[in-house]
Structure formats: C-alpha cells, structure tokens
Amino acid sequence: MTGEPSLCIKGCGFFSTSRTKNLCSKCYNDFLKDESNRYLASLSIETETAAVVKETEEAPTAEAEAVVKEKKKKSCRCNVCKKKVGLLGFQCRCGHVFCGSHRYPEEHSCPSDYKSAAINDLIIENPIIKGDKLYKL
C-alpha cells in the first residue's frame with residue numbers, strides 16, 4: 001500500500017485497505033456475508049440431493065423403527081425395588097440402575113468383583129521397579 005489512503009472501490013466514501021480487497025470495513029463485512037450465503041446455499045443443494053438419494057435407496061420399515069424406539073428407552077427405575085429414580089439413578093458396574101438405598105454392591109448382590117478389579121488397577125498403575133544389583137567389593 002502506498003503512503004496515501006485509498007477510498008472504497010464501491011464508492012461509499014470511506015477509506016479502505018489492500019487487506020480488505022480495497023473495500024471499507026462495512027462493505028467488506030457485507031462481501032463476506034454474501035460469500036458465506038452463497039457457499040451455504042451450494043452446500044444445502046448438495047445435501048438435499050444426497051438426502052433424496054438416500055431416502056430412495058433405503059426406506060425404514062416399521063420393524064426397524066420399533067427396534068430403534070426400544071433402544072432409546074432408558075430404564076428410570078431401580079432394578080431391585082422398581083422405584084422411579086429419574087436423573088438421580090446410580091449406574092453400577094453390572095450395568096443396572098439403582099436408587100440411593102440400593103446403590104452399594106452389597107445391597108443388590110452385585111455379581112461384579114470389585115476387589116480383583118481394584119487389585120488389577122493398582123498393578124497397572126504401580127509397576128514394580130527393581131534397581132540393578134550392586135556387586136559388593
């Protein structure tokens with residue numbers, strides 16, 4: 001850029017820079033919005049055509065929809081007393097949800113072996129380190 005400031009090429013009367021493609025800040029922002037709108041429009045056209053092709057290729061059956069609904073349904077009840085737990089349910093290592101009184105493994109006779117799992121975790125986290133043997137003189 002030369003020593004003299006240049007005016008916006010759109011003729012709005014404000015000064016411009018070469019970094020903004022000789023546009024003032026307002027015109028440059030309008031230019032960027034226009035470019036992004038054109039880009040998004042081209043993407044939406046591509047996704048619409050892809051969606052139409054995908055729908056024609058595989059149409060979901062009623063059986064498949066029923067399976068999806070069953071998978072989405074989460075258990076909101078305690079596995080022992082069937083009390084509603086909502087968001088406050090406790091997930092156990094055995095994979096079931098329990099209320100506050102049955103959350104401990106002793107209360108619901110959990111088949112998971114917590115003791116051996118803790119021992120294995122300690123073995124992995126704390127490896128045995130042995131120093132080299134020194135020879136006595």
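Is asparagine 22 buried, partly exposed or exposed? I looked this up before anything else, in what is a predicted model. Asparagine 22 has a relative accessibility of 33%, so it counts as partly exposed.

**Entry 1: the loop before H1**

I placed asparagine 22 in the loop between E2 and H1. I then read its backbone angle: phi is near 60°, a positive value in a residue that is not glycine. For reference, most residues other than glycine have a negative phi.

I went on to threonine 20, which lies in the loop between strand E2 (15-16) and helix H1 (25-57). Threonine 20 counts as buried because its relative accessibility is 18%, and the cut-off for buried is under 20%. I checked its side chain for polar partners: a polar atom there lies 2.6 Å from the backbone oxygen of leucine 23.

**Entry 2: overall layout**

I counted 3 helices and 4 strands in the protein. Along the sequence I noted the order β-β-α-α-β-β-α.

How many of the 137 residues count as buried, as a percentage? I found 12%. For the surface, I noted an exposed area of about 12,400 Å², with carbon and sulfur atoms supplying 58% of that area. I also looked at contacts with a separation of 6 or more: residues 24 or more positions apart account for 4% of them.

**Entry 3: cores**

Which residues make up the largest nonpolar core? I listed 7 residues: Cys78, Val85, Cys92, Val97, Phe98, Cys99 and Cys110. Another core lies apart from it and has 5 residues, among them Cys8, Leu23, Cys24 and Cys27. Leucine 23 had already come up in Entry 1, where its backbone oxygen lies 2.6 Å from a polar side-chain atom of threonine 20.

Back in the largest core, I took cysteine 92 as a sample member. Leaving out neighbours within four places in sequence, cysteine 92 is in contact with Phe98, His108, Cys110 and Tyr114. Phe98 and Cys110 are themselves members of that core.

**Entry 4: residues around the largest core**

I looked at histidine 102, in the loop between strand E4 (97-98) and helix H3 (114-125). Histidine 102 is buried because its relative accessible area is 15%. Not counting residues up to four places away in sequence, histidine 102 touches Cys78, Val80, Cys81, Glu107 and His108. Of these, Cys78 is on the core list, and His108 is also a contact of cysteine 92.

Asparagine 79 sits in the loop between helix H2 (62-72) and strand E3 (90-91). With a relative accessible area of 33%, asparagine 79 is partly exposed. Which residues does asparagine 79 touch, not counting those up to four places away in sequence? I found His96, Val97 and Phe98; Val97 and Phe98 belong to the largest core. I also took one C-alpha distance: asparagine 79 and arginine 103 are 9.9 Å apart in space and 24 residues apart in sequence.

Lysine 82 lies in the loop between H2 and E3. Its phi is positive, about 60°, although lysine 82 is not a glycine. Its relative accessibility of 48% makes lysine 82 partly exposed.

**Entry 5: charges and a patch on H1**

I searched for salt bridges and got 2. Side chains of opposite charge can pair when their charged atoms come close.

One joins arginine 38 to aspartate 34, at 2.5 Å from N to O. Arginine 38 and aspartate 34 are 4 residues apart in helix H1, so about one helical turn separates them. In the other, arginine 38 pairs with glutamate 35, with the closest N and O atoms 3.2 Å apart. Here the spacing in helix H1 is 3 residues, so arginine 38 and glutamate 35 are again separated by about one helical turn. I recorded Asp34, Glu35 and Arg38 as a network of salt bridges.

Are these side chains buried, partly exposed or exposed? Arginine 38 is partly exposed, at 48%. Aspartate 34 is partly exposed at 36%, and glutamate 35 is partly exposed at 34%.

Last, I looked for nonpolar surface. Tyr39, Leu40 and Leu43 form a nonpolar patch with about 300 Å² of accessible area together. Leucine 43 lies in helix H1 and, at 31% relative accessibility, counts as partly exposed.

Terms used
Residues numbered from 1 in each chain as written. Predicted model: local features only at pLDDT ≥ 70, side-chain atom pairs only at ≥ 80, totals over all residues. Heavy atoms only, no water. Core = buried A, V, L, I, M, F, W, Y, C linked by side-chain atoms within 4.5 Å. Buried < 20%, exposed > 50% of the residue type's maximum accessible area, 1.4 Å probe, protein only. Contact = heavy atoms within 4.5 Å. Helix = DSSP H or I, 4+ residues; strand = E, 2+ residues; numbered from the N terminus. Polar contact = N/O pair within 3.5 Å; in protein donor to acceptor, adjacent residues only side chain to side chain. Areas by Shrake-Rupley, 256 points an atom, 1.4 Å probe, with all protein chains shown as cover. Patch = residues over 30% accessible without salt bridge, like charges linked within 9 Å, V, L, I, M, F, W, Y side chains within 5 Å. Salt bridge = Lys/Arg side-chain N within 4 Å of Asp/Glu carboxyl O.
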